[in-house]
Every structure is written in structure tokens, then in C-alpha cells.
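Biologist: I have the sequence and the fold open side by side. Can you walk me through them, one question at a time?

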Amino acid sequence: MKLPWKKQKLLDIHQALNSDPVDIETLHRAALSEGGLLTDDIRRKVWPKLLSINVYNLPAKPSKDVREDHKDYRQVVLDVKRSMRRFPKGMRVDEREVLQEQLIDIILDVLRRNPQLHYYQGYHDIVVTFLLVVGERMTIAIMEKLSNHHLRDFMDPTMDSTKHILNYLMPILERMDRELHDFMIRSEVGTIFALSWLITWYGYVLSDFRHVLRLYDFFLASHPLMAIYFAAVIVLYRQKEVKSSECDMASVHHLLSQMPQDLPYEELIGGAQSLFISCPPSLLTQSAALQSHNIIAISTFTDFQTSTLRQRPDSVLRQQLHKRHENQLTFPMSPQPASTNQLVKMAVWGLSATLGAAALAVAQTAMDWAPEFLSQLF
């Protein structure tokens, strides 16, 4: 008897996660195919594997001095304060404020640990998406990996690399719909309308969080340039509207800047994958606008992919962790050594899988003043 597709997908993901090594290709297929990773609980298990992150060896919580003398502190705080709409409607104000404080610390911590990276406005829109699903420490690990790979070119001192990636859009349109391409060239609209799409992975322009998560599944399992291919399929999907508008920069820019909220996301995701196969980046670089510029995310992608192939399942990683700690167990009333405190923090992260990001934020805040109480919970 054939299982319903969702149950079959859940079974495939479970088997892939428990294979040794982890079956990363099956996880990629799950993230790319209809419905993506289906639930936040699955995302908490699969997203780290897609990025080769060991959930039992996460970065420490940001230190209290992470904000001191940081050149980007004021801008980050301003951006985070403006991000209220990115939090779930109905979330209590005190819960949201805890998460916003974590959001500030995560961004500054990643930047402090990676001085080669430069903050850009829109970065926080990506960080908050992960924070709401996986919690503080896992978000640090994810953002550190993404910032050095998929998002690396957006984090240069200048926007030259970001503009270069945007320049892939018009050659794609030229190959797929010459009439649309020529209309947009005549209008002189350029590609700046797609900037916020690209650098926030569409988190800034989509109001339904479910759609954002579906796209994040897609982008995490794809080539770093897939976000610009997705921009192309959106423009192609709206080609009738574009061609019917006034052929001037203001009209076309206004039209394309207003992102429809009822897009057929699964259809567009499939279209972007097909587009990537028929118009790969190597083919597009023949365009004069795309020559003689090195994109770091592309040049490091093969090594990044290779790093994901030999991961051990979490059950093995957990056993390895327990072996490292088995000689360091202490009585519950004894002072807590650093290693046990680490275990408690990981248990708190595990709690978030059940209770969600808001509960995690409260629990992590409680960790600062009541680690003994939390240790007894687990």
C-alpha cells in the first residue's frame, strides 16, 4: 500500500537523518520538492545538516560585552526596532522584546567573530527568520555559516558584488522572454526593485511566514544564486502586467516593487529550478555585464557542498558527546562545571523544538539567573 506523499516524505527524511553518513541528497530533495520540509520541528533537524552544523557543538551564547564599542551597534538596533512586523501577530510584548534583544546580540556576535564581514541593512530580516524557528545559539551557527558562504558577497565593504549578482537577472530574462527583456530595458527600470528580495531572501517582502520558511528550505538546499533565479521567475510570471504598464522607470519599478502575496510558490520554485538548469550561471557569464567579477559564494560552493557529505547522524553525535562528559558527572547540588552547563544549554535548545522560539527566549533568559533550576528540569 502506497503511503500518502506527506507521510512518505516524513519517512524518507527520518531515514536520511538516521543514515550513517547522513543521506544529504535525500534531505536536499525533500527541501526542494513540494511542501519543502513541512514543519518547524523537521527544519530544526534538517537545516543544520544542509549547512554541515553539529547541533551538539554550537557556539556559546553571546557574551555581555558583545555590544561594547561595536561600529554597527546603532544601525543594528535601529533595524531591529523596525522589525516588529516580522514577529508573529499576537506575540506578547515581553516575549518579542526578549527575542529582539537576542537578535541584536546574534548579529553583533557573528560580526565580531568574523571581522571580514560587513553588516548590511536587511541582514536582520534573515537572522530573525532563523531565530523564530531554531533559537539563539543555533541561529548563530547558521548565520555564521551562511554569512561566509551563501550571503558572503552581500557582506563586502561595498555593494559592488551585490550589484553584480543583480546583473544576472536581465540576461536570464533575455533568454526566456526577449520581448519582456526589451520592454524593461526601454523603461530603464534596472534591477534595484529586486534588491530587497535578494538580500533578505524575500523575508522582507512576504507577509506570510509560512511562505518565507518554504523559500528558506528551497534556498538552503540550492546554489547561492538561486534567489536571483527566483526573482526572474517572479518577473516572468508577471510579464503580462509588466508589458501592460507604462514603459517608464517609475511605473515599472512601482509595479515590480509591490510583491503579490498570493503567488503560486510551488510552481515558481519548480520554475526557478528548471531555469537554473537551462540557464546555468556559467552560461550567463558570457554576458558582458557579468564578466571579470569573482563571486565568492560561487567560488566556494563546491567545497561547501563537499563538507556536507560525511556528516554523522545526531544519535552518533549525541553518543560522542556523552562519552566526553561521562567522567565529568557531578551531584545535582554541586557547583555546575562548564561542561554540564553546556549540556543544560543544549537541553534548553531541545525544549524549543516543543515550545517554540518564544519559550526558548524565556528559558535562555532564565539560564542567566537560575541554571540549577533548569538543570533539574532535564
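**A walk through the model**

Modeller: This model is predicted. Start with helix α13, where 11 of the 12 residues are buried, so the helix is largely enclosed by the rest of the structure.

Biologist: Which residues of α13 are buried?
Modeller: The run opens with Met226, Ala227, Ile228 and Tyr229. Phe230, Ala231, Ala232 and Val233 are buried too. The list ends with Ile234, Val235 and Leu236.

Biologist: How far apart are the end C-alpha atoms of helix α13?
Modeller: Helix α13 covers residues 226-237, which makes 12 residues. At 1.5 Å a residue, the expected span is 16 Å. The model agrees with that, because the end C-alpha atoms are apart by 16 Å.

Biologist: Which residues does UniProt list as "transmembrane region"?
Modeller: The listing comes from an unreviewed UniProt entry. It gives residues 183-204, 216-237 and 346-367.

Biologist: What percentage of residues 216-237 is helix?
Modeller: The end C-alpha atoms of that span lie 20 Å apart. Strand makes up 0% of residues 216-237. For residues 183-204, the ends lie 27 Å apart and the span is 45% helix. For residues 216-237, the helix share is 77%.

Biologist: Where is Gln261, and is it buried or partly exposed?
Modeller: Gln261 sits in the loop between α15 (249-257) and α16 (265-278). Its relative accessibility is 32%. The cut-off for buried is under 20%, and exposed needs over 50%. Therefore Gln261 counts as partly exposed.

Biologist: Which residues does Gln261 touch, not counting residues up to four places away in sequence?
Modeller: One of them is Asp208, 53 residues apart from Gln261 in sequence. In space, Gln261 and Asp208 are 7.8 Å apart, C-alpha to C-alpha. The full set of residues that Gln261 touches is Val205, Leu206, Ser207, Asp208 and His211.

Biologist: Which backbone oxygen does the side chain of Gln261 reach at 3.0 Å?
Modeller: The Gln261 side chain reaches the backbone oxygen of Met259 at 3.1 Å. At 3.0 Å, the side chain of Gln261 reaches the backbone oxygen of Val205.

Biologist: How many salt bridges does the structure hold?
Modeller: Asp125 and Arg86 form a salt bridge, with N to O at 3.1 Å. Arg238 and Glu241 form another salt bridge, at 3.0 Å. The structure holds salt bridges to the number of 22.

Biologist: Which parts does the pair of Asp125 and Arg86 tie together?
Modeller: The side chains of Asp125 and Arg86 meet in a salt bridge. Asp125 lies in helix α6 (residues 123-134) and Arg86 in a loop, so the pair ties together parts 39 residues apart in sequence. Both Asp125 and Arg86 are buried. The parts are helix α6 and the loop between α4 (73-81) and α5 (93-113).

Biologist: What is the closest N and O distance between Glu266 and Arg214?
Modeller: Glu266 is partly exposed, with a relative accessible area of 33%. Arg214 counts as buried, at 5% relative accessibility. They form a salt bridge, and the closest N and O atoms are apart by 2.8 Å.

Biologist: In the salt bridge of Arg238 and Glu241, which residue is buried?
Modeller: Glu241 has 40% relative accessibility, so Glu241 counts as partly exposed. Arg238 has a relative accessible area of 4%. The buried residue is Arg238.

Biologist: Which residues do salt bridges that share partners join into one network?
Modeller: Shared partners are what link this group. The one network joins Asp40, Arg43 and Asp217.

Biologist: Which residues does a cis peptide bond join?
Modeller: Look at the loop between α1 (5-18) and α2 (24-32), where Pro21 lies. Omega is about 5° at this bond. The cis peptide bond joins Asp20 and Pro21.

Biologist: Is Glu188 buried or exposed?
Modeller: Glu188 lies in the loop between α10 (178-187) and α11 (195-199). Its phi is near 60°, a positive value in a residue other than glycine. The relative accessible area is 61%, so Glu188 is exposed.

Biologist: How many disulfides are there?
Modeller: A disulfide needs two cysteine sulfur atoms within 2.5 Å. By this rule, the count of disulfides is 0.

Notes
Residues numbered from 1 in each chain as written. Predicted model: local features only at pLDDT ≥ 70, side-chain atom pairs only at ≥ 80, totals over all residues. Heavy atoms only, no water. Helix = DSSP H or I, 4+ residues; strand = E, 2+ residues; numbered from the N terminus. Expected span 1.5 Å × (residues − 1). Buried < 20%, exposed > 50% of the residue type's maximum accessible area, 1.4 Å probe, protein only. Contact = heavy atoms within 4.5 Å. Polar contact = N/O pair within 3.5 Å; in protein donor to acceptor, adjacent residues only side chain to side chain. UniProt positions renumbered as here; feature names shortened; annotations may be inferred. Salt bridge = Lys/Arg side-chain N within 4 Å of Asp/Glu carboxyl O.
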